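Me: I am new to this structure. Please take a close look at how its aromatic rings pair, and set that against what lies around them.

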Amino acid sequence: MFTNYLKIAYRNLLSKKGFSIINIVGLSIGMTCCLLIFQYVAFEYSFDRFHQHKDQLYRVLQAYAPQGDAMDLGHAFTAQALTPALKESVPEILDIARVHPEDAVLANPARPENVFEDAGVLYVDPAFTTMFSFPLATGNATNELESGEALITEASAQKYFGTTNAEGQLLEIAGMVNETYTIVGVLKDLPANSHLQFAVLLPIDDLLRGENYSNEPEGGWSWNNFTTYIRLTPNANRSVVEKKMTSVFLAHRGDVLRQQGWSAAILTQPIADIHLNSEVTGAGNPVMGSHRTVYFFLVIGLITLIIALVNYVNLATARAVNRSREVGVRKVAGARQSQLIFQFLSESALTNLTAALLALVFSTMLVPVVNDVAGTRLTSALWLNPGFWLAFSLTILAGTLLAGLYPAFVLSSFKPASALKGRTAYVASHLWLRRTLVVIQFGASIVLLTGTATVYSQLDFMRHMDLGLDLQKVITVRAPRVLPENIDEAAIMQTFLEQVRNIPGIQNAALSSTIPGSGFNWNGAAIRKAADDPSNAIRGVATYIDSSFALLYGLKLVAGKEFSDITISDAEGTPWTVIINETAVKSLGYSSASEAVGEDLDIGGNAANIIGVYKDFQWSSAHQAQKSIVFGPTTTGRFVSFRVATPDLSGITQEIQEIYNTLFPGNVFGYAFADESFDQQYKNDQRFAKLFSMAAGMTIFIACLGLFGLVAFTAQQRTKEIGMRKVLGATVSNIVSLLSKDFLKLVLFGFILAIPVTWYVMNQWLENFAYRTSISAWVYIISGVAAMLVAILTVSWQSFKAATANPVQSLRNE
């Protein structure tokens with residue numbers, strides 16, 4: 001019996017090839033879009049779930065708030081002294097490890113000509129290798145890193161030694177620590193779904209013994225430069241552990257925080273939740289995702305599939321008239337309604353299964369394209385997961401039922417007498433459903449089109465917003481990490497600047513510890529007027545610049561002096577000489593910028609004096625609101641910036657490189673353009689826009705495919721009417737208008753329905769940005785016009801084809 005059902009279903013699909021192709025292609029595209037989006041969602045949610053102890057692993061967060069206010073989300077940077085304090089005082093902590101990132105210069109002593117600058121160096125505590133499941137390719141898995149030992153990944157081993165069998169090899173590290181390390185093991189290459197991405201692991205004790213941290217003030221509690229991970233006992237109460245850790249923290253820092261008017265808490269973040277919470281930053285996790293983005297795409301995937309299923313329902317119910325006699329004959333021959341329902345569900349199943357197989361092929365072909373266009377990291381590895389095949393099978397089953405159940409009941413419910421006479425009143429009564437579904441289809445499509453326009457409008461707004469900085473024609477170079485012994489760093493850097501300034505085409509050169517878009521040196525600094533109560537302190541950020549930085553980047557002084565107006569000895573003396581921005585002026589309670597000049601501040605316990613005020617500028621992305629910024633003076637720095645006044649950028653960079661290599665041998669020269677570096681902050685937004693537009697394009701195509709089929713079927717049903725009208729003198733334009741206007745009205749209704757939905761959804765998305773564009777009327781108009789034009793072309797093509805057909809043929813065929 002079942003075989004018979006499949007044979008009949010197969011014949012019915014072949015008998016109406018055009019409609020079958022529309023159904024199968026529409027469903028396959030919808031499923032392809034769904035598969036790609038579900039792969040993306042599954043990948044985003046798979047982060048850090050491969051660790052053996054994933055349910056016990058947490059990242060430690062520090063949260064702050066003015067006394068009496070609610071705590072913020074917290075940040076993942078902690079002090080070095082927190083780890084031993086927690087390990088000693090919280091018994092629920094089985095293991096604890098600090099992580100500190102390093103951008104170091106690495107070289108193989110056997111091949112000193114090959115020098116690399118690598119940002120993937122992590123200093124870690126011994127427990128790191130046992131807490132996390134990063135398996136070794138070679139080496140002893142039970143070993144903990146000791147001083148002078150290193151672990152590297154297979155990719156790094158190939159890079160530095162030309163082979164993955166690098167155990168026992170030597171690797172020179174130059175950065176915060178200058179030492180030669182012995183490779184004691186090679187880790188397998190890290191999974192793409194690990195929030196921790198690194199190339200080399202080094203023992204953190206080597207870092208703590210170095211000059212950067214061995215003399216850190218306040219016993220290692222003042223600088224929050226580490227990320228801390230803990231592994232709790234299996235039955236540990238997380239909230240109880242957080243209270244204990246907070247007590248330990250406040251025992252050491254409570255008095256300082258109370259004096260500054262702040263309250264604090266230590267929180268924990270499950271490791272599986274780290275990747276999708278980009279608001280919380282920490283070391284070693286350069287690639288971050290967003291729960292909101294994943295939810296958006298999950299909804300888009302479902303909408304796309306539903307639109308494809310709507311096509312099937314529309315065409316199946318529209319074709320009910322043609323199949324009424326078939327149903328009548330079957331019922332007269334003794335077929336029961338349940339048998340007819342199963343027959344039509346078999347057709348739906350065959351259509352969905354064929355579409356699903358095509359979708360698998362399309363998805364396999366498109367994964368590399370999507371990865372290339374949108375910058376994602378999807379792989380087919382997900383298909384090896386039994387859960388994927390279960391979800392895929394459920395999708396086919398759901399598609400079969402959703403697309404086939406309603407048409408099956410409609411068709412199987414025809415009365416034999418009416419069906420054999422070809423009466424279609426019952427089918428006509430369901431016309432409202434088809435119209436409603438078309439409205440919903442195009443409404444959803446227009447929502448996605450308008451959403452795409454809004455996303456790109458926001459990207460354009462961010463790229464062209466007035467930053468208060470001039471990033472055009474600025475090249476940035478990393479300062480050297482390796483310097484000869486007993487060299488005066490400030491003197492050699494000034495020599496470098498002077499020589500580069502003599503290159504024709506270089507307008508200016510400047511030093512700084514960070515550059516726009518790369519964050520600050522000091523986040524969360526407590527800033528207050530020197531005479532104020534500590535409870536009045538505000539939270540700000542700080543970085544260091546030299547006397548040429550403001551001129552080079554176009555910072556505008558609104559009051560006071562520049563660093564160039566005072567001597568370096570004065571600038572770096574006591575109290576600390578600083579320039580602040582207008583936001584800091586307002587936050588500190590000064591009535592004007594000129595009033596702030598000359599005032600004394602306390603910045604994290606350091607005495608400071610304001611010599612100037614800069615006009616507000618946007619140092620970070622549009623996601624972040626303007627911060628209170630403090631600039632301190634420096635004669636060194638991690639970055640060197642150059643403003644060029646020549647189109648010959650390759651020639652300029654080559655000359656800079658020659659000077660760099662002469663003055664700083666053993667370092668790696670690399671450069672970037674300041675505007676491109678700044679735009680890297682919007683990488684996730686650009687990826688979101690590309691994926692969103694691809695999904696919107698697929699959705700509108702599927703909707704038009706269904707509309708194409710409906711118009712074709714309507715024209716087929718009204719063949720004789722069209723023939724009669726032509727014989728009676730109707731023009732082609734009259735007939736095209738007759739067949740098109742009803743469908744175009746439905747598209748218009750879909751547009752009206754889409755407006756409030758789009759306004760709500762996209763305003764929710766725009767809340768991610770501190771600075772955002774408004775959803776203007778032109779976004780709706782352009783999206784609506786685009787959808788209408790596509791619909792007109794779709795409808796007009798079929799209408800024109802029907803209108804230009806020979807009326808003799810249609811009238812002869814009775």
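**Aromatic pairs and their surroundings**

Reply: Of the 814 residues in the protein chain, 51% count as buried. The model is predicted, and its mean pLDDT over the protein chain is 82, with 84% of the residues scoring at least 70. Confidence varies by element: helix α13 (residues 425-428) has the lowest mean pLDDT, 48, and strand β9 (residues 227-232) has the highest, 95. Where pLDDT is low, predicted coordinates should not be read in detail. The chain holds 26 helices and 21 strands. Among its contacts with a separation of 6 or more, 80% are between residues 24 or more positions apart.

Now to the rings. A pair of aromatic rings is described by the distance of the centres and the angle of the planes. With rings counted as a pair when their centres lie within 6.5 Å, the model has 34 aromatic pairs. One of them is formed by Phe134 and Phe198, which meet edge-to-face with 5.3 Å between the centres and 90 degrees between the planes. Phe134 belongs to the loop between α4 (128-131) and β4 (136-139), while Phe198 belongs to the loop between β7 (179-187) and β8 (200-203), so this pair links distant parts of the chain, 64 residues apart. Which side of the 20% cut-off for burial do these two residues fall on? Phe134 has a relative accessible area of 10% and is therefore buried; Phe198, at 7%, is buried as well.

A second pair joins Phe496 and Phe642. The ring centres are 6.0 Å apart and the planes stand at 85 degrees, so this pair is edge-to-face. Phe496 is part of helix α15 (residues 489-501) and Phe642 is part of strand β20 (residues 639-644), so the pair ties together parts 146 residues apart in sequence. Phe496 has a relative accessible area of 0% and is buried. The value for Phe642 is 0% too, and it is likewise buried.

Rings also form a group: ring pairs link Tyr40, Phe296, Phe297, Phe688, Phe692, Trp765 and Phe769 into a cluster. Some rings have a charge for a neighbour. The charged end of Lys529 sits over the ring of Tyr590, 4.4 Å from the ring centre. In the case of Tyr64, it is Arg539 whose charged end sits over the ring, at 4.6 Å from the centre.

Consider next what surrounds Phe642. Its strand, β20, runs antiparallel to β11, and 5 bridges join the two. Within this pairing, Thr476 stands opposite Ser641 of β20. Strand β11 (residues 474-478) also pairs with strand β21 (residues 671-673), again in the antiparallel sense, over 3 bridges. There, Val477 has Tyr671 as its bridge partner in β21. Since 4 of the 5 residues of β11 are buried, this strand is largely enclosed by the rest of the structure. Just before it comes Lys473, in the loop between α14 (431-464) and β11. Lys473 is exposed, with a relative accessible area of 57%.

Tyr553 connects to this region. Leaving aside residues up to four places away in sequence, its contacts include Val474, Thr476, Ser641 and Arg643. Tyr553 is also named, with Phe442 and Phe631, among the residues with the most contacts inside the largest nonpolar core, which has 99 residues. Helix α22 (residues 683-717) gives the most to this core, namely 12 residues.

Return last to the loop that holds Phe198. Asn193 lies in the loop between β7 and β8 too, and it is buried at 16% relative accessible area. Beyond residues up to four places away in sequence, Asn193 touches Phe43, Ser46, Phe47, Asp48 and Phe50. Asp48, in turn, is found in the loop between α2 (17-45) and β1 (57-66). At 0% relative accessibility, Asp48 is buried. Most residues other than glycine have a negative phi, but Asp48, which is not a glycine, has a positive phi of about 65 degrees.

Technical notes
Residues are numbered from 1 along each chain as its sequence is written. This is a predicted model: local features need pLDDT of at least 70, side-chain atom pairs count only at pLDDT 80 or more; totals for chains, interfaces and linings use all residues. Side-chain values use heavy atoms; hydrogens and water are left out. Rings of Phe, Tyr and Trp (its six-membered ring) pair if their centres lie within 6.5 Å; planes under 30 degrees apart count as stacked, over 60 as edge-to-face and the rest as tilted. Buried means under 20% relative accessible area, exposed over 50%, partly exposed in between (1.4 Å probe, protein chains only). A charge sits over a ring if NZ of Lys or CZ of Arg is within 6 Å of the ring centre and within 35 degrees of the ring normal. Two strands pair if DSSP finds at least two bridges between them. Contact means heavy atoms within 4.5 Å. pLDDT is the predictor's confidence in each residue, from 0 to 100. A nonpolar core is a set of buried Ala, Val, Leu, Ile, Met, Phe, Trp, Tyr and Cys residues joined through side-chain atoms within 4.5 Å.
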